[in-house]
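Hi,

Here's the structure I said I'd pass along. Have a look at it first, and then read my notes underneath.

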Amino acid sequence: MVNEPTHAPLLSIVVPVYGVEAYLYQCLESIRADIPAGESDAVEMIAVDDASPDGCGDMLRSYAAGRDGVRVVHLSSNVGLGLARNAGLDVATGRYVWFVDSDDWLPPGTIPAVLDRLRQHQPDVLMLDHLRVHEDGRRGVDASSHLLRGIPGVTRLDDQPQLLRVQHTAWNKVVRRDFLDQLELRFFPGWYEDIPFSHPLLIGAEKISVLDRVCYLYRQGRHGAITSTRSGRHFDAFAQYERLLDWVTRKHPDERLQAELFQLMINHYLVVVGNDGRLHPHLRRDFFHRAAEHYRRYLPTGGYPLPPGVTGLKHRLVGRGDWLAYSALRQAHRVAGRLRRPGPAGGVDTGSAKTDEDPSRGAVTATTGDGALAPQRHDALAGGRLP
């Protein structure tokens, strides 16, 4: 049973919860304690207990008791992150909705800044910057954060195409609810559920606002997070990209847009296939060949911007389906990296390097100084000899 608020708030924050007992209170408090005095009616928080197997359900019951503006939905069975978000969205009453993951948290001052920007610009989508926070406390800027700089007022993707290359997650975007319904967007089941949700928001938006400040702290390396879990479920990415590209073909059949998304898709597949923390070695070859099949199926007829350097070479190998050459290149690149890394005497951490989780990184290097796409293109599997 979920009690409806007396007045419709400006912002609904949906927090799906599963297996995060150690982090849940920090997340909830970072939201509730940040709501300005006198603004309690402007924000509602909806926590969705996705049949969490630990003590999260009881924690949510206790936390919501006696706290206005905190609502809890308890699901009878586990449905996964995307469908849990949908369950929260179904009962949200705010004009805007923001999906915050329950193992992450907000820095102080975020809620006032978000509310102010929503009122000022009334955008379809408000984009936010974030930091990556590691378990040892280190904080790092995301590889795509620089693409958010220097965008005053409201804009459209046609005017700021680099925004498509910002980390494609749901939690770095606050979305107008009517606009979300207009696009008929919901989350699909499976891992990588943000792929067919996040990109269409930017593609369809008439008014995009960018809040160029850190509004989200993204926890890295948590046990149980999909980016650090070896599983065959990483193959879910293929179905999610199929949904995205089907939506684009039906709603926005633009060749330039399809070329940009194609490059991002291949970049993402290369991140997954090259990451020891995501795929068991015996699954890597199958994943590579699935990526190659998608390359052949979705390659734009006019080509696409080919990233420079090693990333571009990997694209070519995926296009040719050349697993042996790719695996040899991957191994040589890793050996070279270990040889270049200074030893303990140099004061550098010599632990195992973590493969980049951001599929936009390769795409960022393929842009010009002003963020526009570089002119280099790759035609349909021609390419000639490998360098």
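Below is what I found, going from the whole chain down to a few helices.

One thing to keep in mind: this is a predicted model. The chain holds 12 helices and 11 strands. Of its 387 residues, 54% count as buried. The chain exposes about 16,800 Å², and carbon and sulfur atoms supply 51% of that area. If you take the contacts between residues at least 6 apart in sequence, 80% of them join residues at least 24 apart.

Now find helix α4, residues 110–121. How far apart should the ends of its 12 residues be? At 1.5 Å a residue the helix should span 16 Å, and its end C-alpha atoms are indeed 16 Å apart, so the two agree. Several α4 residues are buried, namely T110, I111, A113, V114, L115, R117, L118 and H121. Right after α4 comes Q122, which has a positive phi, near 45 degrees.

Next, scroll along to a pair of helices. Two packed helices are described by the angle between their axes and the distance between those axes. Helix α9 (residues 281–298) and helix α10 (residues 309–320) pack at about 85 degrees, with axes 7 Å apart. That angle falls in the 65 to 115 range, so α9 and α10 are roughly perpendicular to each other. On the α9 side, the contact is made by F288, A291, A292, Y295 and R296, while α10 brings H315, L317, V318 and G319. Sorted by type, the residues of this contact are six nonpolar, two polar and one charged.

Cheers

Notes
Residues numbered from 1 in each chain as written. Predicted model: local features only at pLDDT ≥ 70, side-chain atom pairs only at ≥ 80, totals over all residues. Heavy atoms only, no water. Helix = DSSP H or I, 4+ residues; strand = E, 2+ residues; numbered from the N terminus. Expected span 1.5 Å × (residues − 1). Buried < 20%, exposed > 50% of the residue type's maximum accessible area, 1.4 Å probe, protein only. Axes fitted to C-alpha atoms, helices over the stretch in contact; angles between N-to-C directions. Parallel < 35°, antiparallel > 145°, perpendicular 65-115°, else oblique. Contact = heavy atoms within 4.5 Å. Nonpolar A, V, L, I, M, F, W, Y, C, P; charged D, E, K, R; others polar. Areas by Shrake-Rupley, 256 points an atom, 1.4 Å probe, with all protein chains shown as cover.
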